[in-house]
Amino acid sequence: MAVMPVIIFFLGLAFGSFLNALEWRLAHGWSVFQGRSQCTRCARRLAWWENMPVVSFLLLRGRCRSCRQPISLQYPLVELIVAALWVFSWYRAGEPAVASLEFVGAARAAVIVWLSVFLFVYDLKHQEVPDGPVLGGALVIFLLALVTGEPSWGVMLIGAAAGAGFFLWQYLLSRGRWIGGGDVRIGLFIGLAVGWPMVVFALMAAYIIGAVVSVVLVSWRLQSFSGRTPFGTYLSLALLLALWFGPGIVGWYLSLF
Ligand SMILES: [Zn+2]
């Protein structure tokens with residue numbers, strides 16, 4: 001049995017756990033790196049064995065040991081999703097060997113996947129997007145692509161200008177009423193992540209996903225027409241679609257003509 005997918009799976013669990021912690025800390029105005037993890041309900045500090053991805057949730061049977069309040073399913077779910085997507089992403093990259101250029105490319109994809117899951121969760125829960133992770137992630141994936149040359153810096157910069165510009169003119173025109181500044185930064189990130197012209201595909205996909213989800217939610221009476229759209233959540237789904245399947249889908253579409 002291959003060792004790499006197992007290592008990547010456990011790394012994914014750990015980084016999924018970090019994602020949950022970062023989400024909670026940013027939403028509650030906590031410092032990211034200071035202080036130990038604690039129960040989000042009774043604030044009791046967690047022992048090391050209560051703070052392991054997935055395993056602790058199962059050991060504790062989904063409840064805090066002191067206050068007996070349920071632990072959100074978000075914790076094990078996000079951990080498992082990041083781990084599974086990282087393993088999938090590594091296979092998608094062609095199972096590259098460590099210390100190869102392809103592995104650097106796979107690591108870059110892992111950053112994109114991690115941030116997509118983060119944006120998905122954060123915008124869905126808090127209806128906003130914090131700047132730090134998006135801009136930090138944008139810098140990291142830009143630098144990693146300079147190492148591999150894929151995508152090229154020109155393709156990334158044009159993509160970033162298109163992605164950010166698409167939201168910026170709406171932001172300026174509406175003085176921030178139609179969309180928030182967070183969307184401009186996500187547009188920048190997506191442009192750097194998939195480059196030009198795939199950024200166009202990603203933006204179109206986000207609107208299609210958003211329209212389909214809205215129709216389903218409204219018809220199930222789960223959301224009114226005036227309900228706020230978590231656009232960062234749709235953008236994060238569209239980004240993963242563009243990253244993994246964009247070239248295949250565009251190629252198939254063009255072959256129809
Ligand atoms: Zn508790």
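How are the donor residues of the zinc ion spaced in sequence? The points below take up this question first and then turn to the salt bridges and the largest pocket.

1. The structure is a predicted model, and in it the donor residues of the zinc ion follow the spacing C-x2-C-x21-C-x2-C along the sequence. The residues concerned are Cys39, Cys42, Cys64 and Cys67, each contributing its SG atom, and these donors lie 2.3 Å from the zinc ion.

2. As for the geometry of the site, the 4 donor atoms subtend angles of 103 to 118° around the zinc ion, and the arrangement is therefore tetrahedral. The criterion behind that word is that, with four donors, all angles must lie between 85 and 135 degrees, a condition that the angles of 103 to 118° satisfy.

3. Two of the donors deserve a comment on where they sit in the chain. Cys42 belongs to the loop between helix H1 (4-27) and helix H2 (55-59), whereas Cys67 belongs to the loop between H2 and helix H3 (74-92), so this pair ties together parts that are 25 residues apart in sequence. With a relative accessible area of 30%, Cys42 is partly exposed, and Cys67, with a relative accessible area of 24%, is partly exposed as well.

4. A search of the whole structure gives 4 salt bridges, and some of these are linked, since Arg44, Glu50 and Arg65 take part in a network of salt bridges. Within this network, the side chains of Arg44 and Glu50 meet at 2.8 Å, N to O, while the closest N and O atoms of Arg65 and Glu50 are 2.9 Å apart. Arg65 lies in the loop between H2 and H3 and Glu50 in the loop between H1 and H2, so the bridge between them ties together parts that are 15 residues apart in sequence.

5. Which residue of this network counts as buried? Glu50 does, at 6% relative accessibility, because buried means under 20% relative accessible area. Arg44, at 23% relative accessibility, counts as partly exposed, and Arg65 likewise counts as partly exposed, at 43%.

6. A further salt bridge joins Asp131 and Arg185, whose closest N and O atoms are 2.8 Å apart. This pair links distant parts of the chain, with Asp131 in helix H5 (residues 131-148) and Arg185 in helix H7 (residues 181-194), 54 residues apart. Asp131 counts as partly exposed at 36% relative accessibility, and Arg185 is partly exposed with a relative accessible area of 26%.

7. In helix H1, a reader following the chain may wish to look at Ala21, which at 26% relative accessibility counts as partly exposed. The C-alpha atom of Ala21 is separated by 8.2 Å from that of Val32, a residue 11 residues apart from Ala21 along the chain.

8. The largest pocket has a volume of about 670 Å³ and is lined by 36 residues, of which Gln38, Thr40, Leu46, Asn51 and Tyr75 lie nearest its centre. At least two lining residues come from each of H1, H2, H3 and helix H4 (101-126), and H1 gives the most, with 8 residues.

9. Sorted by class, the lining of the largest pocket has 17 nonpolar, 11 polar and 8 charged residues.

Technical notes:
Residues are numbered from 1 along each chain as its sequence is written. This is a predicted model: local features need pLDDT of at least 70, side-chain atom pairs count only at pLDDT 80 or more; totals for chains, interfaces and linings use all residues. Side-chain values use heavy atoms; hydrogens and water are left out. Donors are N, O and S atoms within 2.8 Å of the metal (3.2 Å for Na, K and Ca); water is not among the atoms, so sites may look incomplete. Four donors count as tetrahedral if all angles lie between 85 and 135 degrees; four count as square planar and six as octahedral if opposite donors are over 155 degrees apart and all others between 65 and 115; anything else is irregular. Helices (H or I, at least four residues) and strands (E, at least two) are DSSP runs, numbered from the N terminus. Buried means under 20% relative accessible area, exposed over 50%, partly exposed in between (1.4 Å probe, protein chains only). On a 1 Å grid over the protein atoms alone, a cavity is a set of points where a 1.4 Å probe fits but cannot get out, and a pocket is an open set with protein on both sides within 12 Å along at least five of seven lines; lining residues have an atom within 4 Å of a point. Grid points are joined across faces, edges and corners, and a volume is the space filled by probe spheres set on the points. Ala, Val, Leu, Ile, Met, Phe, Trp, Tyr, Cys and Pro count as nonpolar, Asp, Glu, Lys and Arg as charged, and the others, Gly among them, as polar.
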